[in-house]
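I opened this entry to record what I looked up in one chain. My notes follow the order in which I checked things.

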Amino acid sequence: CKGTKFFCPLIINRIFYNNMIVLNSKNIGFYDTLFSNNKVIKNKDNTEKNISEELLTIRTLVLIQPLINETEETAQLEKILTACRLQKEDYKVEQEINPWSFYRRSKTIKEVLLFGISEKDLNLNLQFNINQANSFDNRIFIKTSSLAELLTNQVVKNELWQNALKPHFIS
């Protein structure tokens with residue numbers, strides 16, 4: 001191949017082969033992680049976190065912002081869930097929000113109620129309609145204002161009931 005302007009095919013093949021070995025050896029750990037059957041999510045403090053037994057049996061996941069006025073907001077939430085005819089064993093209320101990929105592993109969850117929680121909080125790159133039933137990932141998501149706002153805004157609370165909760169849970 002000496003004396004030519006072009007690369008010798010033998011040299012090109014050797015460079016390509018050496019680069020493939022480097023690429024493959026760097027990706028071994030990546031593929032092991034990608035295709036492993038680990039059920040563990042690393043939390044912010046690097047502790048292991050598994051789906052709780054409770055999440056495996058509930059029908060409705062209720063995600064709320066941290067409570068400002070705990071007594072009034074808890075009472076408001078209980079009234080809403082009772083009006084939806086949900087029993088205490090049917091739902092779980094969580095203030096510590098995880099990405100949706102954590103919750104979606106629970107196949108029993110049919111509805112997700114979001115009180116002041118955004119799609120971004122769940123690491124979802126989509127937009128739900130407010131105070132309406134939204135179908136996503138074979139579940140119904142109902143997004144509304146925070147419980148604190150529902151206490152002070154009867155119009156929003158009425159829209160939530162008439163447009164989302166009543167049609168989905170009662171009708």
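**A hairpin to begin with**

I started at the hairpin of β6 and β7, which has two residues between the strands. There Asp137 takes a positive phi near 55°. I kept in mind that this is a predicted model.

Next I looked up the pairing around that turn. Strand β6 covers residues 133-136, and it pairs with β7 in the antiparallel sense over four bridges. I noted one position: Asn134 stands opposite Phe141 in β7.

**The other neighbour of β7**

Which way do β5 and β7 run relative to each other, parallel or antiparallel? I found them parallel, with five bridges joining β5 (residues 111-115) to β7. I listed two bridge partners. Glu111 is matched with Ile140 in β7. Leu113 is matched with Ile142 in β7. As a reminder to myself, strands of a sheet pair through backbone hydrogen bonds, in either the parallel or the antiparallel sense.

**The whole sheet**

I then traced the strand order. Five strands form an open sheet, ordered β4-β3-β5-β7-β6, and the pairing is mixed. The edges are β4 (91-94) and β6, each of which pairs on one side only. I also checked the twist: neighbouring strands of this sheet are turned by 20° against each other on average, direction ignored.

**Cover over β7**

How many of the six residues of strand β7 are buried? I count a residue as buried when its relative accessible area is under 20%. Five of the six residues in β7 (residues 139-144) are buried, so the strand is largely enclosed by the rest of the structure.

I looked for a helix against the sheet. Helix α5 (residues 154-170) lies across β3 (60-64), β5, β6 and β7. Its direction is at about 170° to β7.

**The chain as a whole**

I stepped back for the totals. I find five helices and seven strands in the protein chain. From the N terminus on, the elements run α-β-β-β-α-β-α-β-β-β-α-α.

The chain has 171 residues, and buried residues make up 31% of them. Its accessible surface comes to about 11,700 Å². Carbon and sulfur atoms account for 53% of that surface.

Last, I checked contact range. I took contacts between residues at least 6 apart in sequence, and 68% of these join residues at least 24 apart.

Conventions: Residues are numbered from 1 along each chain as its sequence is written. This is a predicted model: local features need pLDDT of at least 70, side-chain atom pairs count only at pLDDT 80 or more; totals for chains, interfaces and linings use all residues. Side-chain values use heavy atoms; hydrogens and water are left out. Buried means under 20% relative accessible area, exposed over 50%, partly exposed in between (1.4 Å probe, protein chains only). Contact means heavy atoms within 4.5 Å. Accessible areas come from the Shrake-Rupley method with a 1.4 Å probe; for residues, only the protein chains shown count as cover. Two strands pair if DSSP finds at least two bridges between them. Axes are lines fitted to C-alpha atoms, for helices over the stretch in contact, and angles run from 0 to 180 degrees between N-to-C directions.
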